[in-house]
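Have the model open in your viewer, with selection by chain and residue number at hand. The stops below go from one helix pair outwards to whole chains.

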Amino acid sequence: MTRRIPLIARDLKRLYTGFLLVAVSLFLLCTYLTEFNPMVLATNGDAFWEFITEDFLPLALPKASRIPGIFSSVLVTLALAMSATTVAAILAFFVALFGSEKVSPFPRFAKAVRGFATFLRNIPALVWAFILFSSLGIGTGVGFVALCITSFAFMVRAFVETMEDVSQDCVESLQAVGATFPQRVSQAILPSCLSGFLSWYLYCVEVNIRASTIVGMVGGGGVGLTLFSYIKSFRYDIALTIILLIATMVIVVDQITGKLRKELLK
Amino acid sequence: MNVNTMEYSATAKARPVSGKKPSIPVKCRQRNRFIPAFLIGVAVLSVLSLLYLEIDWLKMASRVGDIGLVFWDLAHLDFSNMDLIASSLVETISIAVLSLLYSLLLGIFFGMLAARNVFRLPWLSVLTQSFFTFLRAVPTPVWVLLMLVCLGMGPEAGVAGLCVHTTAFFTKSFAQSFESIPDETIEALEVTGASRLSIFMNAVLPAALSQIVAWAGMRLETNFSECAILGMVGAGGIGYVISNSLQGYDYGTAGVAILLVFLVAYGIERVFVRIKKKFY
């Protein structure tokens, strides 16, 4: 019998084996629980095809009088994402300062700040939207607040991590010479972390463009609402046009943020 | 970041000094010039967006007190519908896991097609990449809504709709992982005459495996929260319970459901933070 030299490290191998076992058992369990049958997709193949060729294609434009409205709804979605992310980023910056033990003037409360952010973050944006709809009523403002909450919480975490990665010795040495808290922030943290913060900010803008479309679907306004109403009224051909419009919007924004990120991290 | 500042000071020294008296600069002059411009641009755009949205702040502010009331109502947990909540939560988790696993397989397959170094067919990778860029750009609930039309209510629509976006995400990230494999490895195997597929199975895939596991863990969190919101746009699951009971002023049930969503999401996050700390 030939002995084989192990090709990968033992602990890695254990990780993979564990991952595979967990995956297979979860797969079986979930298939059993939901009675999901992938063959349904295969047997419904013609229904799919019919749907795509007859309902979806060819592309149709909505009535000419509605077109300006659709473009302005795209603008609303973009504006919603942009302003919500910026407001959230400004708030998150100040809160994140108190969320890092090494930076905060009150290290004892850092854990509480982070815990609060974790709570906000782990509830999806749409759930926030629904909670707020039932108190503030339906409208763009509520979509704005809902987006703000989740991206605020996400950025608090990201900013705290950026600060912990970067600027400990800088902050410590400034503290040693007696710099006050605002001085420490403006002279040590801002210069070294700003590009990291901005790169997270751009990521959040990308995420929020999608999220604001979704929040729009349930009543936040914007292009999501337009799409939702066309789908609900079975105008799938027009819906496809709007889907293409959304895709174009997202791709363009992704391209722009990608370019900006490269420029920022240079 | 420190490395960066060092590089900047090196370039700054090379620049001719134009001042008369040499003095120690107090301000860090080597900052990225682009950042202030970027900040101003962002500020202007955001203010314009806020103005464009025309949000009725006064009306919102007058109702802020109601948020407290709603939370107060949500905090009165009502466990009487627990079996409904539990079964829909299980359904939601299962849909998230199933769509993750199916897309993992699909993602590896399409990632193989999309990676430039596996088949060395530029047109194939460009075609796959651009197709999946389109799929990725459309938010998940849209796909689920369309799947609901095709397949009717049920887990199939949820799994299929989530799979579209997840597969597109995996295709992009796996292709990136595959492309980060050093060319030497692949060339060495090419020289031995191994076929394209066996190069992929024996060199590229094993090398990217740890990244695949990491991506899958990251995606599980996203999939769960996406799955939780799917109910709100018309599919089943926990989201349907939340939106339905909120709209029916049954805040106790909604409170329990939201709390459970939070706990599961938090649990998934903690587990993967643990695993990450152990292995990286």
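**A crossing between chains**

Helix 11 of chain A and helix 6 of chain B are roughly perpendicular to each other, because angles of 65 to 115 degrees are classed that way. This is a predicted model, in which local features need pLDDT of at least 70, side-chain atom pairs count only at pLDDT 80 or more, and totals for chains, interfaces and linings use all residues. For selections, residues are numbered from 1 along each chain as its sequence is written, and chains are lettered from A and ligands numbered from 1 in the order in which they are written.

Select residues 236-264 of chain A, which are helix 11, and residues 122-137 of chain B, which are helix 6: they pack at an angle of about 105°, with axes 8 Å apart. Helices here are DSSP runs of H or I with at least four residues, strands are runs of E with at least two, and both are numbered from the N terminus. Axes are lines fitted to C-alpha atoms over the stretch in contact, and angles run from 0 to 180 degrees between N-to-C directions.

Next, show the side chains at the crossing. Helix 11 of chain A contributes A:A247, A:V250 and A:I251, while B:T133, B:F134 and B:A137 come from helix 6 of chain B. Two residues are in contact if their C-beta atoms, placed from the backbone, lie within 7 Å. By class, this contact has 5 nonpolar residues, 1 polar and no charged ones. Ala, Val, Leu, Ile, Met, Phe, Trp, Tyr, Cys and Pro count as nonpolar, Asp, Glu, Lys and Arg as charged, and the others, Gly among them, as polar.

**The whole interface**

Widen the selection to both sides. In total, 62 residues of chain B are in contact with 63 residues of chain A. On the chain B side, helix 2 (residues 34-53) gives the most, with 10 residues. That side divides into 47 nonpolar, 8 polar and 7 charged residues. The model scores ipTM 0.78 and pTM 0.80.

**Chain A alone**

Hide chain B. Chain A has 11 helices and 0 strands. Its C-alpha trace spans about 75 × 75 × 40 Å along the principal axes.

**Confidence in chain B**

Bring chain B back and colour by pLDDT, the predictor's confidence in each residue, from 0 to 100. The mean for chain B is 80, and 88% of its residues reach 70 or more. Over residues 1-14 of chain B the pLDDT is below 50, and this stretch has 7 contacts beyond near neighbours in sequence. Where pLDDT is low, predicted coordinates should not be read in detail.

Methods: Parallel < 35°, antiparallel > 145°, perpendicular 65-115°, else oblique.
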